[in-house]
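Work through the exercises below with the sequence and the model open. Each task is followed by a solution in steps.

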Amino acid sequence: MKIRLSGLLSALLPGLLIAVTLCAGGCTTVNYTAQQFIPKDPGKISLLKTTAPAYQIENLEYTQVDGAVSRGVYIRKPGADFTVLYFMGSGVRIDANGAYFAKAFTDLNANVISFDYRGFGRSDSNGKPHSLIELESDTLALYDYVRKMVPGKLVVHGHSFGSFVAARLASQRTVDAIVLEGTGTTALAYSENMVPWFAKPFVKINLDQELMSIDNRAALRSYAGPVLIINGVNDAQTPAPTARDLFTSIPRTNKRYEEVAGAGHMNAMSKPETLKAYREFLNGQF
């Protein structure tokens with residue numbers, strides 16, 4: 001079976017699930033409860049009022065040069081030690097997941113800023129088709145906007161798909177520090193890792209030229225600042241070996257790799273040892 005992919009990686013998962021289902025060939029029983037059918041956002045941004053009551057949530061809006069509107073949040077309090085510009089994974093959005101991803105940064109006594117991607121969540125496109133070129137333009141403009149607004153240290157942190165966004169940004173701007181969480185080397189490796197081992201003989205991934213050009217190793221070659229790479233030991237979507245490959249490819253000493261026991265793709269930042277490594281990294285302990 002051959003699957004041809006184009007556009008953003010967010011389109012990848014549904015096709016793979018269909019392919020895996022076809023390849024499985026057997027029968028199975030799937031059990032559901034009524035609670036699973038009730039819509040819920042367990043990480044919705046308003047929950048920060050309870051989990052981090054010292055923080056205020058300010059809505060941000062930035063109009064891109066082509067008329068698209070990027071909307072996000074600035075979660076802050078007086079006396080924070082630094083600010084994080086956070087790039088979310090594919091399918092993650094502020095209103096549904098903001099409290100979850102922001103909690104770790106409030107535990108670090110940091111402010112955090114994040115924007116939904118163009119045409120997703122709070123943000124609007126300009127009504128025209130868009131792809132990685134527009135995403136990159138948006139990212140650079142938003143970084144410049146945030147950098148002018150925020151005093152002190154600004155850490156760029158990207159998770160999963162957002163790690164590729166963050167690495168590309170670091171290749172074009174002099175950022176204070178970069179953190180890549182749940183990351184890997186290339187878009188091809190990222191997509192292939194989403195195919196279960198038992199389906200790999202039956203599924204071939206073809207990426208379009210735009211996606212094939214995504215390579216975190218190449219992006220980080222022109223970045224001279226400190227890099228922290230975080231990956232869960234149990235991460236199946238971006239397995240630890242691919243994150244280690246990326247770490248090894250960085251030809252500098254101001255880097256740190258943290259492999260988090262008991263963590264998967266989504267929860268490495270919830271672990272105390274990760275927060276400890278984050279603090280040490282920002283204090284120059286590589």
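## Exercise 1: a strand and its partners

In this predicted model, Thr83 stands opposite Leu154 in β6.

Task: Starting from that pair, state how β4 is joined to β6 and to β5.

Solution.
Step 1. Locate the strands: β4 covers residues 82-87 and β6 covers residues 154-159.
Step 2. Five bridges join β4 to β6, and the two strands run parallel.
Step 3. Turn to β5, residues 110-115, which is also joined to β4 by five bridges and runs parallel with β4.
Step 4. For a residue pair on this side, take Leu85, whose bridge partner in β5 is Ile113.
Step 5. Add helix α3, residues 94-107: β4, α3 and β5 together make a right-handed β-α-β unit.

## Exercise 2: the two faces of β4

Task: Sort the residues of β4 by the way they point, and decide whether they are buried or exposed.

Solution.
Step 1. Phe82, Val84 and Tyr86 point one way from the strand.
Step 2. Thr83, Leu85 and Phe87 point the other way.
Step 3. Buried means under 20% relative accessible area.
Step 4. Six of the six residues of β4 are buried, so defined.

## Exercise 3: helix α4 and the largest pocket

Task: Describe the span of α4, list its buried residues, and state what α4 gives to the largest pocket.

Solution.
Step 1. α4 (residues 132-149) has 18 residues and reaches 25 Å from first C-alpha to last, close to the expected 26 Å.
Step 2. Its buried residues are Leu132, Leu135, Asp138, Thr139, Leu140, Ala141, Leu142, Tyr143 and Val146.
Step 3. The largest pocket has a volume of about 390 Å³. Its lining has 20 residues, and those closest to the centre are Leu132, Glu136, Phe164, Arg168 and Ile214.
Step 4. α4 gives the most to this lining, with six residues. α5 (161-170) and α8 (216-221) each supply at least two.
Step 5. By class, the lining has eleven nonpolar, five polar and four charged residues.

## Exercise 4: the second largest pocket

Task: Which helix gives the most to the lining of the second largest pocket, and how do the lining residues divide by class?

Solution.
Step 1. The second largest pocket holds about 320 Å³ of space.
Step 2. It is lined by 19 residues, and Tyr100, Phe101, Met266, Asn267 and Met269 lie nearest its centre.
Step 3. α3 gives the most to this lining, with eight residues. α3 is also the helix of the β-α-β unit in Exercise 1.
Step 4. The lining divides into eleven nonpolar, five polar and three charged residues.

Technical notes: Residues are numbered from 1 along each chain as its sequence is written. This is a predicted model: local features need pLDDT of at least 70, side-chain atom pairs count only at pLDDT 80 or more; totals for chains, interfaces and linings use all residues. Side-chain values use heavy atoms; hydrogens and water are left out. Buried means under 20% relative accessible area, exposed over 50%, partly exposed in between (1.4 Å probe, protein chains only). Helices (H or I, at least four residues) and strands (E, at least two) are DSSP runs, numbered from the N terminus. Two strands pair if DSSP finds at least two bridges between them. A crossover is right-handed if, with the strands pointing away from the viewer, the path from the first strand over the helix to the second runs clockwise. The expected span of a helix is 1.5 Å times one less than its number of residues. On a 1 Å grid over the protein atoms alone, a cavity is a set of points where a 1.4 Å probe fits but cannot get out, and a pocket is an open set with protein on both sides within 12 Å along at least five of seven lines; lining residues have an atom within 4 Å of a point. Grid points are joined across faces, edges and corners, and a volume is the space filled by probe spheres set on the points. Ala, Val, Leu, Ile, Met, Phe, Trp, Tyr, Cys and Pro count as nonpolar, Asp, Glu, Lys and Arg as charged, and the others, Gly among them, as polar.
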